[in-house]
Structures are given as C-alpha cells and as structure tokens.
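Colleague: I'd love a close look at a single part of this model, with some of its wider setting. Please pick one site, start there and work outwards at your own pace.

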Amino acid sequence: MENRLQVSVSGIRGIYPETLTSDVVFTFGVAFGSYVKTKRVFVCRDTRVSGDSLKNSMITGLLCTGKDVVDLGIAPTPEIGYIIEKIEPSSGVVITASHNPQDYNGIKFFSDKGAVLNADEGKKLLDVYHKRFFIVSKTPGFISSADYTEQYFNAIYRTVDLERIRKRRFRVVVDVCQGVGSFFTERFLKEMGCDVIVMNKEPAGFFSHNPEPVPENLKDLAGKVVEEKADAGFAQDPDCDRLAFVCENGMIPGEELTLVLSIKNILEREGSNKPIVVNLSTTALVEEIAKGFGIDVCRTKIGEINVIEKMRENGSIIGGEGNGGVIFPAVHYGRDSFVGMALILEYLARTGKKVSELIGQMPKYFILKRKIRISEEQKNIMLEDIKRRYSAEENVNLEDGVKIIRKNGWIHIRPSGTEPVIRLYVEGKNREIAERYLSEFTSYFPSP
Ligand code: MG
C-alpha cells in the first residue's frame, strides 16, 4: 500500500525506481506535451539523486511532442511559476517529491497561468495519459537552458522595503536540508544584507533529516540559532515552496505562523478591503488577525490551486496554506518560501521587534497534525462514520473530508492527495483542548 505510485490531479509521487520509473516519467512527458497548448515548456528539478535521470526522461517525452524545452536545471518550484506567470508565455514541469523523504520523487505540472493544474486540468491530463491520446510530432522540439534567478529574486525584493531590511544586517541561520535552497538561499539572504549561516548544504539530495518543515524536524536549527545568537532561523522544504521559522530564543512556533506573520506584515503595511484566502486546515489565528483589520477570511479545499483560484476571484493581496505556504500575488500566484523570508524579515525591520515578541503579541492557538495509515476501504468507512455521527449535532463543513468547528477550536479529517494516509488536524485555544480533540478522534481509527 505504502509503495504505490500516487497519481492524482495534483501530481505524481513515488519511490524511485520502484514505482516511479523513467518509463512513467517519459510517458507523462509525452502526455503533458500532448495536453498542453504552449510551444515552450520550462523544466526544472529538485536535488534528489534520481532528479537528473527523471528530468531527462521528462524532457525527452516533451520533445517528442514537438515542444521546445527550457531546462533550468536545479531550481525552486516557485521560480518556474513566476517565470510562466510574469515573464515567458509557456507552461512548466518540476521533477520533485517536495517534502517527502529522499528516495521519493515526483512530478508537478504547471499550466500556462503559472500555477499547478486545477482539478479539471489535472483530470484532462490524466485522461490523455491513461487513454494514450498522444500527439507525436514529426519534428521534435529543441532544448535550451536559462537562468532567471536574478529576475526572480529582484521581483521579490521590489515588493519589500529592501533598504530597511539591509540596514538591520540580520544574522540568519537557514536549514536548506540539502534541497534546492542549497544553491539559492544564501545568495538570496545575502542580497538582503543578511549575515547567513547555512545548515545542511551538502551533499545535495542526501537529506540530513526528514525534510518536511515541521517542528519535530527543526530542533537542530533552533539550537543553532541560539548558539549563533541569530535574529531568526528559517527552514525550507526541498523544492522551496514551504517555509518554517524559529525565533531568536530558540522557540519553534510551528509552520502555521509563517503565513500568519506574512499576512500580518502585509495588512499592517498597506491594509486591504479584500478577503484573505486560506485552506480549511489553516490555523483559526488567521480569522483573528483579519478581524482586527475588518476583513473576511475565505476558506477553500486543500490544494494550493484552490487557494490561488479563490484569491484571483477575490483580488486578495495575500493568502496561502498553513503548512508554510505563503502566496503573495505581487510577486506571483504560488507558494513561495523566498517570499515568506522576505516578508518576515521586513516585518522585523519595520517594527524593530524580535521574532519572539511578534509571536508573543498574538492570541495563542495550539495545533496538532497527525497522519494515519489506513487502507482505502477503511478510509471511506471511517470518514462516512464520522460524518454521520457529527453532522446532525455540530457545525460541520463537508467541502473536503470532514471539518468540525467548535467554540474553542476545530477538527479536520481528510484523505491525503499525495500519500496513502488520512490527515487528522486539530486546533484548540490551548494544548489541553487540542489533545482532547486528538484523542477523541484518533479513537475512530485502528491503532497501527
Ligand atoms: Mg514543496
């Protein structure tokens, strides 16, 4: 069950070379080339050791369909989104398994809007793949290479008060976990005047720890921040779309606070009358912050693209996902850890406060996140059972799994789109409430 290739509208994930093979990636290259309308396709990869091989399979597939490929080599996922949306009419493919362990790899597809495919687009692509509706061109396309890093970074710098950040000469520790950040983040922060200490830079693709930027993986970073007397610590996931941070005193506030601080900075800086958009699993702290500025919060199904589409519809100036995914359309519509770092550093520079002080000013929430391994059949039985039990008596949202909203917190239970698990998230106004919710709902699932 665990090793099955995960093929979903939001992308492909598998273990190389057991379930995710060069064959599969080549065929998806032909399928995407047959599906997508643009002549040019940007391709990049994260640092995983299978990346070069799989990227070349993808490129070969695309070339067969007559597409011209621009190979960016190792590059951040958000950069490809930025290029497509803001610079070159094109589409894109990223060879990455994002925050999954190092033996995984995967594929993320970008439409000509510069965002990952929505459910409808993803379904059409899978149709082309499964039914083999392939368009093979008599004249294959060409490969070129390019480097847009400078343009991309400058686009981010333009959206913040760069001079003010530079003046502060922040001392920052960043844990790049041998991911794409190894090649980009030091430069990004140095150009913002920071004194940078990089952790886990080499060897690329061999992750020193589980690369998901969640509290249990940030303890070494927190220790280093204290030891180096740094102003803050940052951790990116391997393809750089998610960001977590730690405070100068070693406190680890959790990845939910990345988006909260970014939103707060932007609302304090310029205000807005447009709603903030976040997904259903994001901390309720967002509502508290937005309320202070007299604006609403729209919640969407899980999946970056759902947040993006709702933001476009509402003209939102900022939004994202509580998992450390900040979306700031002034740069581009996509989760971006570099944007997150710039917004947090600007917040520090603007207020003159320490990170722990900014966190300390906010209402307290306590969130717990669990993954529960469960068979496909059991998954649906459990979800239906929970739906039935709670729908009549409680405030329940059924847009994506089951979310039960209570006075002092919430519980969200949904099947994952990228892993064979059920995700159980609970949040309460304190630890006791969150733990009570957690034990109430874990009791529905068989223990592993
Ligand atoms: Mg990622």
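Modeller: Happy to. When I name a helix or a strand, I mean a DSSP run, with at least four residues for a helix and at least two for a strand, numbered from the N terminus. Please keep in mind that this is a predicted model.

Let's start at the magnesium ion. Its protein donors are S98 through OG and three aspartates, D237, D239 and D241, each through OD, at 2.0 to 2.1 Å from the ion. Along the chain, these donors follow the spacing S-x138-D-x1-D-x1-D.

Take the serine first. S98 sits in the loop that runs between β5 (91-95) and β6 (104-110). Its backbone stands out: phi is positive, about 50°, although S98 is not a glycine. Most residues other than glycine have a negative phi. Because its relative accessibility is 2%, S98 counts as buried, the cut-off being under 20%.

Now for the aspartate side. D237 and D239 are both buried. Next to D239 in the numbering is C240, in the loop between β10 (232-236) and β11 (243-246). C240 also has a positive phi, near 70°, without being a glycine. With a relative accessibility of 0%, C240 counts as buried.

Two of the magnesium donors, D239 and D241, also belong to a salt-bridge network that links them with K108, E304, E321 and R335. K108 falls within β6 (104-110), the strand on the far side of the S98 loop from β5. The structure as a whole holds 38 salt bridges.

How does the site map onto the domains? The assignment gives domain 1 (6-151), domain 2 (166-246), domain 3 (256-360) and domain 4 (366-442). By those bounds, S98 belongs to domain 1, while D237, D239 and D241 belong to domain 2.

Domain 1 also meets domain 4, and that interface is worth a stop. The C-alpha centres of these two domains are 33 Å apart, and 6 residues of domain 1 contact 4 residues of domain 4. Together the pair buries about 410 Å², with 38% of that on carbon and sulfur atoms. On the domain 1 side, Q6, R13 and H99 supply 67% of the buried area, more than any other three residues. The salt-bridge rule finds 0 such pairs across this interface.

Deeper in the numbering of domain 1 comes V69, which is in strand β4 (residues 68-74). V69 counts as buried because its relative accessibility is 0%. Leaving out residues up to four places away in sequence, V69 touches V41, V43, I59, L62, L63, F142, I143 and S144.

Moving on to the nonpolar cores, the largest has 84 residues, and F188, L189, M192, I276 and L345 touch the most other members. Helix α12 (residues 337-351) gives this core its largest share, 10 residues. A separate core has 26 residues, including L20, Y35, I107 and L117. Beyond its neighbours within four places in sequence, M192 contacts Y157, L162, I165, R166, A342 and L345.

R166 from that list has a salt bridge of its own, with E163, at 3.3 Å from N to O. The two are 3 residues apart in helix α6 (residues 162-168), so about one helical turn separates them. Both partners are partly exposed, R166 at 31% relative accessibility and E163 at 46%.

Helix α12 comes up again through R269. This arginine pairs with E270, with the closest N and O atoms 2.7 Å apart, and also with E346, at 2.9 Å. Since R269 lies in helix α9 (residues 256-270) and E346 in helix α12, the second pair ties together parts 77 residues apart in sequence. E346 counts as buried at 3% relative accessibility, whereas R269 is partly exposed at 30% and so is E270 at 45%.

Finally, two prolines deserve a glance while you have the backbone on screen. Most peptide bonds are trans. The bond from Y16 to P17 is cis, with omega near -5°, and P17 lies in the loop between β2 (11-15) and α1 (22-35). The bond from E202 to P203 is cis too, with omega near -10°, and P203 is in the loop between β9 (195-199) and α8 (219-227).

Terms used
Residues are numbered from 1 along each chain as its sequence is written. This is a predicted model: local features need pLDDT of at least 70, side-chain atom pairs count only at pLDDT 80 or more; totals for chains, interfaces and linings use all residues. Side-chain values use heavy atoms; hydrogens and water are left out. A nonpolar core is a set of buried Ala, Val, Leu, Ile, Met, Phe, Trp, Tyr and Cys residues joined through side-chain atoms within 4.5 Å. Buried means under 20% relative accessible area, exposed over 50%, partly exposed in between (1.4 Å probe, protein chains only). Contact means heavy atoms within 4.5 Å. Donors are N, O and S atoms within 2.8 Å of the metal (3.2 Å for Na, K and Ca); water is not among the atoms, so sites may look incomplete. Domain bounds come from an automatic or database domain assignment. Buried area is the accessible area (1.4 Å probe) that two parts lose on being put together, summed over both. A salt bridge is a side-chain nitrogen of Lys or Arg within 4 Å of a carboxyl oxygen of Asp or Glu.
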